[in-house]
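Please open the structure in a viewer and keep the sequence panel visible beside it. This tour proposes one selection after another and states what is found at each stop.

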Amino acid sequence: MSAFVTPQTPAGWATLGLAVIVILLGLPLLYMGAELAFIGGSWYYVIVGLAVTAAGILMAMGRVAGGLLYLAAVAFTWLWALWEVGFDGWGLLPRVFGPTLLAIGVALCLPVLRRAEAARSTLVRKVA
């Protein structure tokens, strides 16, 4: 049995597509964040890149934990952005706008992930 789910509905396919987008955004954050940390920069990008990549993989596996991990990474991003620039709207915008828009999509996918997780656990019980 594969760890990844095969979507059966349009919402399932949309969730899988969003998971792929999350992975494709997390990998460069992780890689370039490691380069930045190596030269003495912030570890924020490594931490968030790792969390976002893992979140996308978990979402592709149909796990609610993936969505929740992404939402936690966005909350961490908001805290980091507020610490870095304060309440300056123009300073916050490039740091939080994209991740927050994606977080709305992830939050909307949580019911789909819950259904996928429930279906998988039912299937595992039937096999065992």
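Helices here are DSSP runs of type H or I with at least four residues, and they are numbered from the N terminus. With that definition, the protein chain of this predicted model reads α-α-α-α along the sequence.

**The whole chain**

Begin with the entire protein chain in a ribbon view. The chain contains four helices and zero strands. Its C-alpha trace extends about 50 × 30 × 20 Å along the principal axes. Of the 128 residues, 34% are buried. Among contacts with a separation of 6 or more, 61% join residues that are 24 or more positions apart.

**Helix H1 and Leu-18**

Select Leu-18 next, which belongs to helix H1. Is Leu-18 buried or exposed? Its relative accessibility is 11%, so Leu-18 counts as buried. Display its surroundings: beyond the neighbours within four places in sequence, Leu-18 is in contact with Met-59, Leu-102, Gly-105, Val-106 and Cys-109. Draw a distance between the C-alpha atoms of Leu-18 and Leu-102; the two residues are 84 residues apart in sequence and 8.5 Å apart in space.

**The loop after H1**

Move on to Gly-41, in the loop between H1 and H2. Gly-41 has a relative accessible area of 26% and is therefore partly exposed. A second distance may be drawn here, from the C-alpha of Gly-41 to that of Val-106: the separation is 29 Å, for residues 65 apart along the chain.

**Helix H2 and Thr-53**

Select helix H2, residues 44-60. H2 has 17 residues and reaches 24 Å between its first and last C-alpha atoms, close to the 24 Å expected at 1.5 Å a residue. Its buried residues include Tyr-44, Val-48, Val-52, Thr-53 and Met-59. After the helix comes Gly-62, with a positive phi near 80°.

Within H2, centre the view on Thr-53. Thr-53 is buried because its relative accessible area, 8%, is under the 20% limit. What does the side chain of Thr-53 reach? It reaches the backbone oxygen of Gly-26, at 3.3 Å. Leaving out residues up to four places away in sequence, Thr-53 touches Ile-23, Gly-26 and Leu-27.

**Helix H3 and Thr-77**

Helix H3, residues 64-85, is the next selection, and Thr-77 lies in it. The 22 residues of H3 should span 32 Å at 1.5 Å a residue, and the end C-alpha atoms are 32 Å apart, which agrees. Colour the buried residues of H3, among them Val-64, Tyr-70, Val-74, Thr-77 and Trp-80. Just after the helix, Gly-86 takes a positive phi of about 75°.

Now look at Thr-77 itself. With a relative accessible area of 3%, Thr-77 is buried. Its side chain makes a polar contact with the side chain of Tyr-44, at 2.8 Å. Apart from residues up to four places away in sequence, Thr-77 touches Tyr-44, Val-48, Arg-95 and Val-96.

**The second largest pocket**

Keep Thr-77 and Tyr-44 on display and turn to the second largest pocket, whose volume is about 310 Å³. Which of its 16 lining residues are the closest to its centre? They are Leu-29, Tyr-44, Thr-77, Arg-95 and Pro-99. H1, H2, H3 and H4 each supply at least two residues of this lining.

**The largest nonpolar core**

For the last stop, show side chains inside the chain. In soluble globular proteins, nonpolar side chains tend to be buried together. Here the largest nonpolar core has 24 residues, and those with the most contacts inside it are Leu-18, Val-22, Val-52, Met-59, Tyr-70 and Val-106. Helix H1 (10-38), helix H2 (44-60), H3 and helix H4 (89-127) each supply at least two residues of this core. Which helix gives the largest share of the core? That helix is H4, with eight residues.

Finish by selecting Val-22. Not counting residues up to four places away in sequence, Val-22 touches Val-52, Gly-56, Tyr-70, Leu-102 and Val-106. Of these, Val-52, Tyr-70 and Val-106 are among the core residues with the most contacts.

Key: Residues are numbered from 1 along each chain as its sequence is written. This is a predicted model: local features need pLDDT of at least 70, side-chain atom pairs count only at pLDDT 80 or more; totals for chains, interfaces and linings use all residues. Side-chain values use heavy atoms; hydrogens and water are left out. Buried means under 20% relative accessible area, exposed over 50%, partly exposed in between (1.4 Å probe, protein chains only). A polar contact is a pair of N or O atoms within 3.5 Å; within protein, one must be able to donate a hydrogen and the other to accept it, and residues adjacent in sequence count only if both atoms are side-chain atoms. Contact means heavy atoms within 4.5 Å. The expected span of a helix is 1.5 Å times one less than its number of residues. A nonpolar core is a set of buried Ala, Val, Leu, Ile, Met, Phe, Trp, Tyr and Cys residues joined through side-chain atoms within 4.5 Å. On a 1 Å grid over the protein atoms alone, a cavity is a set of points where a 1.4 Å probe fits but cannot get out, and a pocket is an open set with protein on both sides within 12 Å along at least five of seven lines; lining residues have an atom within 4 Å of a point. Grid points are joined across faces, edges and corners, and a volume is the space filled by probe spheres set on the points.
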